[in-house]
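Here are my notes on the empty space in this one. Have a look at the model first, then read on.

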Amino acid sequence: MAPLSPRVVVKVDLKKKPWQQNQPLHNRWHPEIPPVAEVKAGEFFRVEMIDCMGGVVKDNDSASDIKNADLTTTHHLSGPIRVVDEDGVAAMPGDLLAVEICNLGPLPGDEWGFTGSFDRENGGGFLTDHFPCATKAIWYFEGIYAYSPQIPGVRFPGLTHPGVIGTAPSMELLRIWNERERQLEESGLKSPTLCEVVHQRPLANLPTAKGCLLGNIEEGTPEWERIANEAARTIPGRENGGNCDIKNLSRGSKIYLPVFVEGANLSTGDMHFSQGDGEISFCGAIEMSGFLELKCEIIRNGMQEYLTPMGPTPLHVNPIFEIGPVEPRFSEWLVFEGISVDESGRQHYLDATVAYKRAVLNAIDYLFKFGYSKEQVYLLLSCCPCEGRLSGIVDSPNAVATLAIPTAIFDQDIRPKTRKVPVGPRIVRKPDVLKSTYDGKLPITKNPSSSS
């Protein structure tokens, strides 16, 4: 007998707002957000998700929706989903929840997505000091391929994956998150000198009731107010998994998540059609609505057996990820290198973030020579299947990072070559990404040796 189709445990209606869904969504992490569904270990089930911005970003010719986005509402997650074993006994703190991705994709009738960069003073991004204005590119899907009218001459297969997937934190773990992130926010530039180079703000996204969705908890009640001011934002990845943004977590992958509360309370969202390593534009990847078809297994006492705490408590652990067998195949790459010397020429000590920023900037300026605007390349590197690597982390004082770009995604040869015409061919600029104006007054960084 053929196996049954997956049971839909969370269904979304794309015509409704995130807070209007029949099964309420949530955009915070908190142990008291109640589950909206229950599944058994070994059951084949389906979860549907709206896009990370909750339908605010439209398929149109304006970037104003990116510029004016309310970033307190990002990552509308489907769940929580309570997981029990075959005998009905719930996953318990200390267990591991093994989540297998059997299938995934865009929702039928919604086969498109977007990539953007936020305004420098409303979200920013990895290169916000170089690209301060909000930008947007729309991508259309043709089966496994994506193309964009705003970035012509590029077409690539997607490696679809969930940006966010994780279990609920315990109250103790939630307290640890909030305390350490609050200390970072309050210390400002006094401690993390990297902030002077990356320029991204805020330093941390602390709990706030503004824009908060808490599933079935009734808004306006004292309980809602308390939880809203405790619940962690979904922006970063943490010990529970969360916004890991690992682009290779596609079909056949398995995720081993620590369990901190009874039932595990699994949640997921932020579907990506494709992503480049680092998702550098922050509103990056190709964001879309979508579905996951999953199976779960409970590994009893798996945290103690397989995860070693890297911190002061047994809660300071991290998930393990098993990459699936389905990936695009590329044989030729152009690789750009960066070292830990910033744009002003200042030497940093083994700083991998500065090195990766330099690698990305080198790639952007290089592809600019082939007819693309720098904004087009910035968005492209956020969502195409490029590979980031930490190549050196011990050879003082320079960390070395690399960014490898598959050459097959372009409709022209982008390799360096001897020009037959000494002055070089005339560069034809292509249609550009959608842009908003930048109205802020923060200083902009430019490569002093750049020609533009």
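1. How do the residues lining the largest cavity divide into nonpolar, polar and charged? The split is 4 nonpolar, 4 polar and 1 charged, where Ala, Val, Leu, Ile, Met, Phe, Trp, Tyr, Cys and Pro are nonpolar, Asp, Glu, Lys and Arg charged, and the others, Gly among them, polar.

2. Before going further: this is a predicted model, with local features needing pLDDT of at least 70 and side-chain atom pairs pLDDT 80 or more, while totals for chains, interfaces and linings use all residues. Residues are numbered from 1 along each chain as its sequence is written, and side-chain values use heavy atoms, leaving out hydrogens and water.

3. Back to that cavity (on a 1 Å grid over the protein atoms alone, points where a 1.4 Å probe fits but cannot get out; lining residues have an atom within 4 Å of a point). The whole structure has 1 cavity of 30 Å³ or more. The largest cavity holds about 40 Å³, as the space filled by probe spheres set on the grid points, which are joined across faces, edges and corners. Its lining includes His26, Trp29 and Asn265.

4. The largest pocket (an open set with protein on both sides within 12 Å along at least five of seven lines) has about 1,400 Å³ of space. Of its 47 lining residues, Gln200, Ile235, Pro236, Gly278 and Phe282 are closest to the centre. The lining divides into 22 nonpolar, 14 polar and 11 charged residues.

5. Domain 1 (7-322) and domain 2 (333-435) each give at least three residues to that pocket's lining; the bounds come from an automatic or database domain assignment.
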